[in-house]
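Ready for some practice in reading a protein model? Work through each exercise yourself, then compare with the worked solution.

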Amino acid sequence: PFASPYGTLRMRFPSSIFVSVSLFTAETTAALYLSSTYRSGGDKIWQGLTLLFALVPSVLVQFTLTFIHRDLSRDRPLVLLLHILQLGPFVRCLEAFFIYGYASSIEEPYVSITRKKQMPKDGLSEEIEKEVGQAEGKLFTHRAAFARTSVIQAFLGSAPQLTLQLYICVLQQYISVGRGTLMIVSLLSIVYGALRCNILAIKIKYDDYEVEVKLAAYLCIFLWRSFEIATRVVVLVLFSSVLQIWILPVVLLNFFIFFFYPWILFWQSKSPFPENIEKTLTRVGTTIVLCLLTFLYAGINMFCWSAVQLKLSDPDLINKSQNWYRMAVYYMLRFIENATLILLWYVFQTGVYQYISTPLLVLQLLIGYSIAIFFMLVFYQFCHPCKKLFSSSITQGLWACSHIFCLLCKRPKPRLPPSSTADFATNTLNESQNGKTSQSLSIHP
């Protein structure tokens with residue numbers, strides 16, 4: 001048989017697609033069941049909010065899958081109908097498994113060549129060419145689409161859903177089986193979405209390299225995101241349970257800061273309006289897509305650090321530089337905010353929490369967020385798949401940030417009075433002249 005001079009890409013099992021669809025199905029089913037129990041119990045408000053946080057992200061997921069696969073530009077009425085019926089993820093999953101199952105038995109009529117660099121070894125990086133068939137290309141599109149839908153489902157659906165159900169548990173002082181199941185599935189969905197966001201950011205930033213994420217990296221990201229998101233949700237719920245009026249300004253302030261921050265940077269750069277998102281989109285359509293993107297960005301940063309940093313002035317809309325200073329500022333301010341909210345809850349708590357040790361709970365939440373920061377440092381220092389490409393390690397970056405904060409905290413030097421300043425200048429001038437004279441005498445004896 002003919003031997004190709006290029007290497008071949010081994011087609012991986014689409015496990016990420018299966019996990020995404022499984023979490024989507026489990027969360028939607030649990031939300032529908034719980035909403036029916038709320039209806040039978042007469043809780044119309046909780047029923048409406050539970051359905052809202054289940055259906056809105058589902059609609060956005062259908063829209064994303066349709067947009068990425070360009071279904072509107074092709075004659076596929078059955079697929080579009082299934083997307084309208086909110087069954088798009090199941091169809092895409094079956095299609096991906098069909099491609100994976102029959103790829104080895106079908107001869108590829110056309111292959112493309114990809115060039116990827118390996119991670120540097122001893123300062124050298126070798127470029128390798130590999131063949132990519134049509135089946136692998138289609139499967140890659142499916143993986144990319146489901147990675148994005150997992151992030152949308154996590155932070156526009158699962159995160160508000162988890163916050164709502166935990167708030168109801170605090171008010172009613174009771175956790176039913178249906179509510180507990182939905183909370184567990186929602187937490188897993190958020191952590192998985194944050195994990196996919198991290199992997200997506202790595203692959204976008206280092207697109208020229210062949211990135212291989214090891215099990216230790218997945219474990220560090222999972223623990224990092226689990227502690228970070230769980231403590232953040234608990235802090236928000238506890239604060240809102242005693243200061244219901246003040247939770248709205250806190251949430252809106254967080255949201256608007258992260259929503260308008262990419263736009264402010266874009267206006268300051270004076271760059272032209274992005275036109276390369278999709279050729280078929282008009283200027284109004286492009287603006288809507290960018291607003292939805294910044295909306296998702298704000299939703300992510302509401303609960304955890306967004307590994308993907310938006311940069312609207314860049315053609316790829318992603319900031320590919322590694323900014324340790326921005327990450328350090330985010331976690332420092334977030335830790336202060338969480339500590340402030342939980343201390344306010346401790347001061348204004350009611351008799352609802354008389355059966356728990358509130359000082360211990362405050363300490364546990366602060367330690368939990370510190371553990372999240374610890375696993376984040378471990379990931380970037382030891383487990384990041386592209387740590388060899390960093391210009392500086394995270395410890396060096398944080399050390400530089402600490403120097404900046406120390407300089408800001410230093411006391412200014414006391415000013416000399418005018419007469420002392422004049423005398424000081426005169427003495428300095430005389431000393432410099434004497435130094436020059438003695439230097440010239442030493443050179444020319």
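**Exercise 1.** Leaving aside its neighbours within four places in sequence, which residues is F379 in contact with?

*Solution.* Before you start, note that this is a predicted model, where local features need pLDDT of at least 70, side-chain atom pairs count only at pLDDT 80 or more, and totals for chains, interfaces and linings use all residues. Residues are numbered from 1 along each chain as its sequence is written, and side-chain values use heavy atoms, with hydrogens and water left out.

Step 1: Contact means heavy atoms within 4.5 Å.
Step 2: With neighbours within four places in sequence set aside, F379 touches I202, A217, C220, I221, W224, H384 and P385.

**Exercise 2.** Find the largest nonpolar core and say where it lies relative to the domains.

*Solution.* Step 1: Recall the term. A nonpolar core is a set of buried Ala, Val, Leu, Ile, Met, Phe, Trp, Tyr and Cys residues joined through side-chain atoms within 4.5 Å. Buried means under 20% relative accessible area, exposed over 50%, and partly exposed in between (1.4 Å probe, protein chains only).
Step 2: The largest such core holds 92 residues, and F379 is among those with the most contacts inside it, as are F155 and W224.
Step 3: Helix 5 (residues 134-172) contributes the most to this core, giving 13 residues. Helices (H or I, at least four residues) and strands (E, at least two) are DSSP runs, numbered from the N terminus.
Step 4: Both domain 1 (11-212) and domain 2 (242-408) supply residues to this core, so it lies between them. The domain bounds come from an automatic or database domain assignment.
Step 5: Apart from this core lies another, of six residues, including I17 and F146.

**Exercise 3.** How many salt bridges does the count come to? Describe three of them, and say how buried their residues are.

*Solution.* Step 1: Side chains of opposite charge can pair when their charged atoms come close. The rule here asks for a side-chain nitrogen of Lys or Arg within 4 Å of a carboxyl oxygen of Asp or Glu.
Step 2: By this rule, the count is four salt bridges.
Step 3: R92 pairs with E95 (3.4 Å, N to O). Both residues lie in helix 4 (residues 88-102), three residues apart, about one turn of the helix. R92 is buried at 0% relative accessible area, whereas E95 is partly exposed at 24%.
Step 4: R225 pairs with E228, their closest N and O atoms being 3.1 Å apart. These two are three residues apart in helix 7 (residues 215-242), so about one helical turn separates them. R225 is buried at 1%, and E228 is buried at 0%.
Step 5: R232 and E337 meet at 3.5 Å, N to O. This pair links distant parts of the chain, 105 residues apart, with R232 in helix 7 and E337 in helix 10 (residues 324-348). R232, R334 and E337 are linked in a network of salt bridges.

**Exercise 4.** At roughly what angle do the axes of helix 7 and helix 8 cross?

*Solution.* Step 1: Axes are lines fitted to C-alpha atoms, for helices over the stretch in contact, and angles run from 0 to 180 degrees between N-to-C directions.
Step 2: The axes of helix 7 and helix 8 (residues 244-269) cross at roughly 140 degrees and come within 6 Å.
Step 3: Angles under 35 degrees count as roughly parallel, over 145 as roughly antiparallel, 65 to 115 as roughly perpendicular and the rest as oblique. Helix 7 and helix 8 are therefore oblique to each other.
Step 4: Among the residues that meet are R232 and L236 in helix 7, and W246 and I247 in helix 8.
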